[in-house]
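Let's go through some labels in this model together and ask what stands behind each one.

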Amino acid sequence: MKEELYYFLQSQGEGDLSITGILLNLVAAAILGGMIFAAYKTSHSGTVYSARFNVSLVMTALVTTTVMCVIGNNISLSLGMVGALSIVRFRTAIKDPRDTIFIFWAVAVGVCCGVGDYLIALAGTVVIFLFLILFGFVKDINRTLIIVRGDGDSLAQAMNFIDESFSKKALRRVYNLDTEGKGEVIYELSEALLKKIDIKNGKTEEKLRKIKGVTSVSIMCQEDEISG
């Protein structure tokens with residue numbers, strides 16, 4: 001029984017690719033990887049664009065294609081490859097959740113090209129590319145923080161002013177006072193709402209500074225990439 005299983009596993013390696021087939025797979029992966037490169041560069045909306053990460057996506061597609069060419073139809077080799085990859089730990093932090101999609105996209109292209117399914121790889125790449133362009137117009141709503149510092153009475157007036165000006169759509173996140181009666185209050189709201197109120201009623205920051213007892217007013221834009 002063991003010998004039969006051994007010969008069965010060995011026979012799975014038959015039908016290996018020729019040099020021409022391997023090169024064709026790698027060329028197809030390189031072309032589709034170039035499309036992934038262009039898609040990432042075009043649709044990237046973060047504060048810092050990483051060209052090295054983009055290049056690594058193309059390399060991921062090529063490496064995956066190479067691995068698939070090695071595995072072929074060999075079941076025993078594929079099981080060994082899974083065991084070897086299971087001990088690899090990746091320490092690279094993913095700042096943008098969309099980067100994970102690009103990594104899986106590159107791996108999928110590599111798998112398809114490695115087994116010669118160029119049509120599936122091309123169709124999937126085109127569809128994903130179109131969806132990225134379509135949803136590329138969807139922007140995150142940047143959060144804005146209004147930080148007011150002063151004594152207790154001035155903070156109370158500032159809170160009443162903010163609640164009335166923004167119709168209580170600004171969320172109070174922090175309010176604290178020390179033993180000397182001084183403290184700060186922090187409100188969170190959308191950048192679009194702040195701009196809308198500023199245009200309608202005048203600069204919010206300037207009006208808060210005019211409140212007697214207010215020592216400082218800060219308006220900060222908080223993005224997920226920076227806060228993370």
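Q: Why is C69 called buried or exposed, whichever applies?

A: First, a word on the source: this is a predicted model, in which local features need pLDDT of at least 70, side-chain atom pairs count only at pLDDT 80 or more, and totals for chains, interfaces and linings use all residues. Residues are numbered from 1 along each chain as its sequence is written, and side-chain values use heavy atoms, with hydrogens and water left out. Now to C69: its relative accessible area is 17%. Buried means under 20%, exposed over 50% and partly exposed in between, using a 1.4 Å probe and protein chains only. C69 is therefore buried.

Q: How do you know whether C69 is in a disulfide?

A: A disulfide is a pair of cysteine sulfur atoms within 2.5 Å. The closest cysteine sulfur to that of C69 belongs to C113 and is 9.1 Å away, so the two are too far apart for a bond. C112 is in no disulfide either, with the sulfur of C113 as its nearest at 6.8 Å. The structure holds zero disulfides.

Q: What makes C112 and T64 count as buried or exposed?

A: C112 has 17% relative accessibility, so it counts as buried. T64 has 14% and therefore counts as buried too. T64 sits in helix α3 (residues 51–71), helices being DSSP runs of H or I with at least four residues, numbered from the N terminus. Leaving aside residues up to four places away in sequence, T64 touches V107, G110 and V111, where contact means heavy atoms within 4.5 Å.

Q: Why is the pair Y40 and F53 called tilted?

A: Rings of Phe, Tyr and Trp (its six-membered ring) pair if their centres lie within 6.5 Å; planes under 30 degrees apart count as stacked, over 60 as edge-to-face and the rest as tilted. Y40 and F53 are 5.4 Å centre to centre with 55° between the planes, hence a tilted pair. The pair links Y40 in helix α2 with F53 in helix α3, 13 residues apart.

Q: What makes the pair Y40 and F102 edge-to-face?

A: Here the centres are 4.9 Å apart and the planes stand at 90°, which fits edge-to-face. Y40 lies in helix α2 and F102 in helix α5 (residues 97–114), so the pair ties together parts 62 residues apart in sequence. Y40, F53, F102 and W105 form one aromatic cluster.

Technical notes
Helices (H or I, at least four residues) and strands (E, at least two) are DSSP runs, numbered from the N terminus.
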